[in-house]
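Visitor: Could you walk me through this structure, sheets and contacts included?
Guide: Sure, have a look at it here and then fire away.

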Amino acid sequence: MHEAGDRVLVETSDETIEGTLMPSEGNVVLKLKSGYNIGISKDRIKKISLLSKHLAVSEEKARHIAREKSKKSITILHTGGTIASKVDYETGAVIARFSPEEIISMFPELKDIANVDSKLIAQMWSDDMRFEHYQKMAHAVEEELKKNVDGIIITHGTDTLGYSAAALAFMCEIPIPVILVGAQRSSDRGSSDAAMNLICAAEFVAKTDFAGIAICMHENMDDNNCVILPPTKTRKMHASRRDAFKAVNDIPIARINYKTRKIEFLREHKKRSAEAWRINPKMEDKIALIKIHTNMKREQFDVYQGYKGLVIEGTGLGHAPVGLEVNKPIMEGIIDLIKSGTLVAMTSQCIYGRTHSHVYSNAVKLANAGVIYCEDTLPETAFIKLAWLLGNYKKKEAASLMAENLRGEISDRSAE
Amino acid sequence: MKDYKELGFRCGLEIHQQLEGKKLFCNCNTLNSSREANTRFERYLRASAGETGEIDVAALYEMKKGKGFVYDSHSEDTCLVEFDEEPPHNVNPEALRTALVIAKLLNCKVEDEIHFMRKIVIDGSNTSAFQRTALVGRNGYIKTSKGNVRVASLCLEEEAAKKIEDAKDFTKYRLDRLGIPLLEIATETDIVDPEHAKETASAIGMILRSVPNVKRGLGTIRQDVNISIKGGARTEIKGFQDLRSIPKVIDFEVERQQKLLREKKSIQNEVRKAEPDFTTSFLRPMPGAARMYPETDIPPIQVTKEMIEVEKPVSLAESAENIEKEFGIRKDLAQLLAKSGKLALFASIAKKNKNVKPAFIVETLISAPKEIKRKFEIEINRLADKEYEEIFSYLNEGKISKDVVFDVLIDYAKGEFDIGRYAKESGEDIEKEIKKICDENKGASQGALMGIVMQKFRGKIDGKKAMEVVKKYSG
């Protein structure tokens with residue numbers, strides 16, 4: 001049988017076509033000499049004869065990259081996504097690339113900024129992330145800390161990048177910068193935002209005294225600035241734009257001009273130090289996040305019986321349907337959860353703004369029942385925080401810490 | 001005259017035709033807008049290496065320039081898809097249908113399954129750094145006076161953004177053109193001489209204009225010519241102002257290559273631009289071959305029997321012939337009608353208005369707008385078919401006279417037409433009035449009398465008729 005990459009001659013009822021076989025299901029897909037792919041119906045094909053076998057592409061030769069003592073050392077940890085990938089023009093497949101040599105060959109600018117090391121720790125769509133992956137990242141960060149690197153960049157799929165940043169922020173108290181970087185356009189295309197995000201992150205790590213977890217992404221549709229965003233207050237606010245990541249109820253930490261490489265801090269930040277690091281990667285597994293909507297039923301809450309924590313993404317100031325008589329079972333459902341030991345926390349699906357437990361009677365009822373109001377914590381951050389608190393603290397302590405600011409997740413002033 | 005066969009002359013065409021309607025991968029209008037931009041952003045593009053580690057020469061050439069790109073657009077003509085901020089939507093079914101009809105007219109074999117590809121372009125003309133393009137049909141042909149010219153391929157693709165400024169640090173593009181559906185027709189190198197290239201381009205143009213939703217007007221169709229001679233190199237010439245310049249530009253390019261050969265200088269495969277003086281200038285190196293990969297955001301399109309078993313439309317050339325016979329007009333007039341896209345309008349008017357001579361209808365539809373534009377700088381082409389129908393029905397019924405058609409057209413264009421101003425009064429009434437004028441101005445010359453009469457009755461009486469009456473009463 002012929003395989004993808006083989007050069008073949010396809011004879012059909014009315015023509016003979018030469019081309020390279022592409023991977024496909026259903027029709028036979030052929031890449032013509034012109035570069036175009038076409039699909040040929042199997043019914044029409046009389047014969048496929050081999051012209052030459054596919055030659056496996058030889059691995060790129062690793063070029064030794066000299067380390068310069070004067071430069072900072074940065075380790076890039078890859079968790080997946082396509083920040084470093086190439087296209088196989090023969091088969092059209094996108095192939096991820098992770099070795100330091102490959103990273104430098106794709107982004108040669110990096111070697112002028114720092115001595116770069118690169119490691120693959122996971123390879124997945126960010127939607128597939130589980131708590132164990134956050135722990136893996138935290139352990140990888142610790143390994144690099146032991147080697148005295150000056151900073152770490154973590155490449156990450158963008159969909160759940162905000163969750164990972166929050167998780168690392170709670171897990172890692174560290175004296176060096178760890179910057180999460182994603183790309184909204186995959187790096188196999190010339191218009192990818194991967195290079196700029198990566199280069200700006202490297203500049204930020206190499207040239208500033210910042211310590212802690214942060215995110216580096218485009219500030220707007222232009223390729224002019226990247227912003228360094230706070231790990232617990234950043235959310236993906238657009239499905240596809242380059243500037244999808246926004247600081248919510250907060251402002252960015254710094255701005256990096258891609259062209260001039262000028263870095264401007266926009267607020268106070270924690271500085272590098274010689275202090276010891278602390279990594280607490282434990283997380284409670286049975287935690288959930290539920291969104292309030294109209295016409296809810298009690299059983300939607302009952303499914304969380306046995307969960308250690310539940311974050312509610314309430315309406316408005318932090319409400320749930322507990323006013324009308326017909327919705328009484330919902331209130332009872334929530335009370336039952338709390339009585340059976342679930343820690344229930346409240347956030348707002350408005351995303352922008354702060355919850356309040358006393359303006360409306362529905363909130364008063366919920367607060368009286370023991371629901372913890374999380375101020376202006378983002379729902380996703382509250383979810384991660386609750387899991388981390390319950391993994392590391394007793395329930396009572398965790399309950400009180402949910403309403404306190406630990407990593408910048410709660411601001412004491414609402415500036416906007 | 002050169003012996004092109006002896007020279008090893010090889011020549012093929014690549015024709016690009018914009019389609020009417022919505023864009024290929026989003027719901028924006030295809031306006032070729034000129035309104036002031038209200039959105040602007042800046043980008044850089046990178047050349048990414050293929051798996052073989054090689055960067056395409058053309059791509060590398062662009063990247064080395066290290067330039068940024070500035071994109072201007074109006075928010076009503078563009079959306080996030082043109083900004084490369086949203087994946088492409090499904091392919092515009094209207095554009096696909098048109099491509100399949102054209103494939104039929106070009107006698108192409110349509111693919112069983114159409115795959116959109118990403119053709120790498122990093123000169124900034126595509127915000128995504130690639131052009132989405134799909135091979136729709138192959139192995140067609142068109143008939144010409146010098147034999148069949150084979151059609152190698154018909155592709156449906158995205159139009160690129162329009163370059164509006166080439167500054168030192170950046171290149172500026174307008175985005176409203178990006179994403180307009182574009183048909184690309186490439187012929188084999190069957191063209192035998194420069195004149196034949198022009199004939200072939202014209203014939204393909206006629207075929208394209210045979211279907212309703214291709215765009216018309218400046219810049220909506222472009223011809224690229226590929227040429228080589230024995231010992232020379234392949235050059236692709238872009239940017240022809242009009243078809244008439246094709247033979248001369250080709251001839252000059254052949255001479256340029258001959259001169260380089262005589263001087264034993266090396267000739268590069270390259271893309272050149274046709275200049276107004278028929279010479280060509282270097283544009284960029286010829287793009288390499290390995291620069292396409294699948295557009296995975298768009299699933300392959302299964303071409304069903306229903307999709308290709310559309311009735312083959314009558315080509316414009318055939319329609320022109322039919323009109324010529326049916327209405328007894330000259331061949332060149334029929335061709336003019338065909339090229340201007342007014343064949344159907346003409347046929348409809350000529351059928352309904354038997355009292356008006358067909359040749360006069362052609363003249364009114366084709367020459368009058370040009371003449372009015374030249375003399376009065378008024379754009380008559382904006383008139384709707386319905387308005388032309390109305391004008392000719394007035395003529396047919398004798399409500400207005402042939403002499404005043406220009407004035408009527410101008411009034412229509414200005415939206416000021418009022419039949420009351422033109423309606424012919426009864427011959428008797430006018431004759432009485434003319435007699436009165438002649439009586440009141442005894443001794444005045446016939447010319448002077450005519451002046452007074454025509455001032456009063458312009459549009460209501462033929463000049464010839466008026467002269468007769470004046471002669472009758474001034475004698």
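**Sheets and contacts**

Guide: Let's start with an open sheet of eight strands in chain A, ordered E9-E6-E10-E12-E13-E14-E17-E18 with mixed pairing. Strands here are DSSP runs of at least two residues and helices are H or I runs of at least four, numbered from the N terminus; two strands pair if DSSP finds at least two bridges between them. One caveat up front: this is a predicted model, where local features need pLDDT of at least 70, side-chain atom pairs count only at pLDDT 80 or more, and totals for chains, interfaces and linings use all residues. As for bookkeeping, residues are numbered from 1 along each chain as its sequence is written, chains are lettered from A and ligands numbered from 1 in the order in which they are written, and side-chain values use heavy atoms, with hydrogens and water left out.

Visitor: Which strands stand at the edges of that sheet?
Guide: Look for strands that have a single partner, so that one side is left without a neighbour in the sheet. In chain A, that describes strand E9 (115-124) and strand E18 (263-265).

Visitor: In E13(A), what is the bridge partner of A:Val181?
Guide: Strand E12 (residues 177-181) and strand E13 (residues 212-218) of chain A run parallel and pair over five bridges. Across from A:Val181, in E13(A), you'll find A:Cys216.

Visitor: How many strands form the open sheet with antiparallel pairing?
Guide: This one takes strands from both chains, in the order E5(A)-E1(A)-E2(A)-E3(A)-E4(A)-E5(B)-E17(B). Its edge strands, E5 (45-52) of chain A and E17 (301-302) of chain B, each pair on one side only. The strand count is seven.

Visitor: Which residue in E5(B) is the bridge partner of A:Gly39?
Guide: Strand E4 (residues 37-40) of chain A and strand E5 (residues 113-114) of chain B pair antiparallel over two bridges. In E5(B), A:Gly39 is partnered by B:Glu113.

Visitor: What area is buried between chain B and chain A?
Guide: The size of an interface is often given as the accessible area lost when the parts come together. Here that is the area (1.4 Å probe) lost by the two parts, summed over both. The contact (heavy atoms within 4.5 Å) takes 45 residues from chain B and 45 residues from chain A. Carbon and sulfur atoms give 50% of the buried area, which is about 3900 Å².

Visitor: How many salt bridges are there between chain B and chain A?
Guide: A salt bridge needs a side-chain nitrogen of Lys or Arg within 4 Å of a carboxyl oxygen of Asp or Glu. One between the chains joins A:Arg185 and B:Glu85 (3.5 Å, N to O). While the structure holds 72 over all chains, the count between chain B and chain A is eight.

Visitor: How many residues apart are A:Asp159 and A:Lys236?
Guide: Their side chains meet in a salt bridge (2.6 Å, N to O). A:Asp159 sits in the loop between strand E10 (151-155) and helix H4 (161-171) of chain A, and A:Lys236 is in strand E15 (residues 234-236). So the pair links distant parts of the chain, 77 residues apart.
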